[in-house]
Amino acid sequence: MAAVLRSNLRFFVPGDKSVSHRALLFGAMAEGTTRITGLLAAEDVGRTRTAIQQLGGEVWVDRSGGVNVKGGPWRDGGTIDCGNSGTTARLLLGALAGRAGATLIGDASLSRRPMRRVLDPLARMGARIGGAGDERDAARVTLPVSVDRAALRGIEWRAEVASAQVKSAILLAGLAAEGETAYLEPVATRDHTERMLRGMGASIRVEPVEDGEGRRIVVSASQLQAAEITVPGDISSAAFWFVAAAIHPGARVTIEGVGVNPTRTGVLDVLRRMGAGVIVVERGGIEPIADVTVVGAELRGTAIGGAEIPTLIDELPALAVAAAFAQGETVVQDAAELRVKESDRIAAVVAGLRAIGVDADARPDGFVVRGGGAVGGHVITEGDHRIAMAFSIAGLRVPVVVSETESIRTSYPGFLERLAQLSTG
Ligand code: S3P
């Protein structure tokens, strides 16, 4: 028997992963002690924490649970293991280039993921980058990668892919470069870096670009200052519960204190278009937060693409599950980046949907789901936390077995316990 969602639930989700990485890393670069509340205690963020400790940052937890980071000049970090965490690896490459040396390694999944998108612009800035060990290879495009401290110069770089990680890496390098560093993104991606850098005293400005919805972000050499940082709940984690409510007509789930930065809220727009009720009660802050309620309904398929993609890129596995229980077709396009996430998420989502009886097809840059037909089955997660969580949510409607759940620890400790609490059967 598949479990059924209890209705009228209200709870918090753990801290935002993107904001947590940045709070630790920028804290380690800043003068003084940064205090972070609500930091995500998951494995990926633990990788960033260990990395900054290897680079000389001090980290301790105070009596009220706040995480403190004492920053300062960096020392060489030796070998830094980024595990499964792309954000740790890519942001660190940019931060290291003008500050200190280290060799970055990762697990099998991370070691397959593209790094050239960061290494090319950093090389243009004068970064000293090579493969690990003796065979330094400037053309190296995956981890392991070694960086040595170098004198950097500012550049103007136009985004080749819509990626907040690449943008962040270049801006962090720009803080240690001579002259201005400008990054142009034709499509806006999550702007946590820009917000936090401004809050920590960096010289940064954001200009609209004339053609289109993107922006031009310009930084120059700056010494960051410590700050008090509150990490909002992670909308990418909340998304699983939003979808759980959405696929149960009449069910109601409220997530309190969740981040609603407009560069992250595409999942709410899509669920609204599919027919779910969405209520957002917002409070202000550097990172806006809100209590967000989703009310389930008979969903209908929708089209997802274009500039909306970066605002929901990590939520597409969950939205694919919403599409599976909707009437009609859902088409996702312009999302080729899904192929280079923790797994090839286009392949993994389509295989998972088919495994539970749903008619779905992969496209080079997305997928098509024809709703209805889910009967349940055995889903291979490919070791990807978001595939494991998305199909666990499908298990609230039809019997689903996922091949593993260990991967969930990278982003959402407590997910399975919450799922068990929420379901009745
Ligand atoms: C992230 C950016 C996104 C996202 C990832 C976290 C970040 O990746 O998928 O989970 O914290 O900047 P890309 O920048 O590669 O799109």
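**Notebook: the ligand site and two backbone details**

I began with the backbone around the ligand and found a polar backbone atom of Gln165 at 2.8 Å from an oxygen atom of the ligand. The model I am reading is a predicted one.

Next I looked up side chains. Arg22 places a polar side-chain atom 2.6 Å from an oxygen atom of the ligand. Asp314 also has a polar side-chain atom by a ligand oxygen, and I noted 2.7 Å for that pair. I then checked how much of the ligand is covered: on its own the ligand has 380 Å² of accessible area, and the protein covers 94% of that.

I looked up where the ligand sits, and the place is the largest pocket. Three elements give two or more residues to the shell around the ligand: helix H1 (17-29), helix H3 (86-97) and helix H5 (164-174).

I listed the residues around the ligand. They are Ser18, Arg22, Thr87, Arg90, Ala162, Ser163, Ala164, Gln165, Arg190, Ile313, Asp314 and Lys341. By class, I have five charged, four polar and three nonpolar residues in the shell. I also asked which domains the shell draws on. Domain 1 (4-15 + 232-424) and domain 2 (17-222) each supply at least three of the shell residues.

I then left the ligand and went through the backbone.

Where is the cis peptide bond that I noted? It runs from Leu143 to Pro144, with omega near 0°. I placed Pro144 in the loop that lies between strand S7 (128-131) and strand S8 (145-148).

My last entry is on Asp334. I noted its phi as near 65°, which is a positive value in a residue other than glycine. I found Asp334 in a loop as well, between strand S20 (329-332) and helix H10 (345-355).

For the record, I keep three residues together under ligand contacts: Arg22 with a side-chain atom, Asp314 with a side-chain atom, and Gln165 with a backbone atom.

Conventions: Residues are numbered from 1 along each chain as its sequence is written. This is a predicted model: local features need pLDDT of at least 70, side-chain atom pairs count only at pLDDT 80 or more; totals for chains, interfaces and linings use all residues. Side-chain values use heavy atoms; hydrogens and water are left out. A residue is near a molecule or strand if one of its heavy atoms lies within 4 Å of it. A polar contact is a pair of N or O atoms within 3.5 Å; within protein, one must be able to donate a hydrogen and the other to accept it, and residues adjacent in sequence count only if both atoms are side-chain atoms. Accessible areas come from the Shrake-Rupley method with a 1.4 Å probe; for residues, only the protein chains shown count as cover. On a 1 Å grid over the protein atoms alone, a cavity is a set of points where a 1.4 Å probe fits but cannot get out, and a pocket is an open set with protein on both sides within 12 Å along at least five of seven lines; lining residues have an atom within 4 Å of a point. A molecule sits in a cavity or pocket if more than half of its atoms lie within 2 Å of its grid points. Helices (H or I, at least four residues) and strands (E, at least two) are DSSP runs, numbered from the N terminus. Ala, Val, Leu, Ile, Met, Phe, Trp, Tyr, Cys and Pro count as nonpolar, Asp, Glu, Lys and Arg as charged, and the others, Gly among them, as polar. Domain bounds come from an automatic or database domain assignment.
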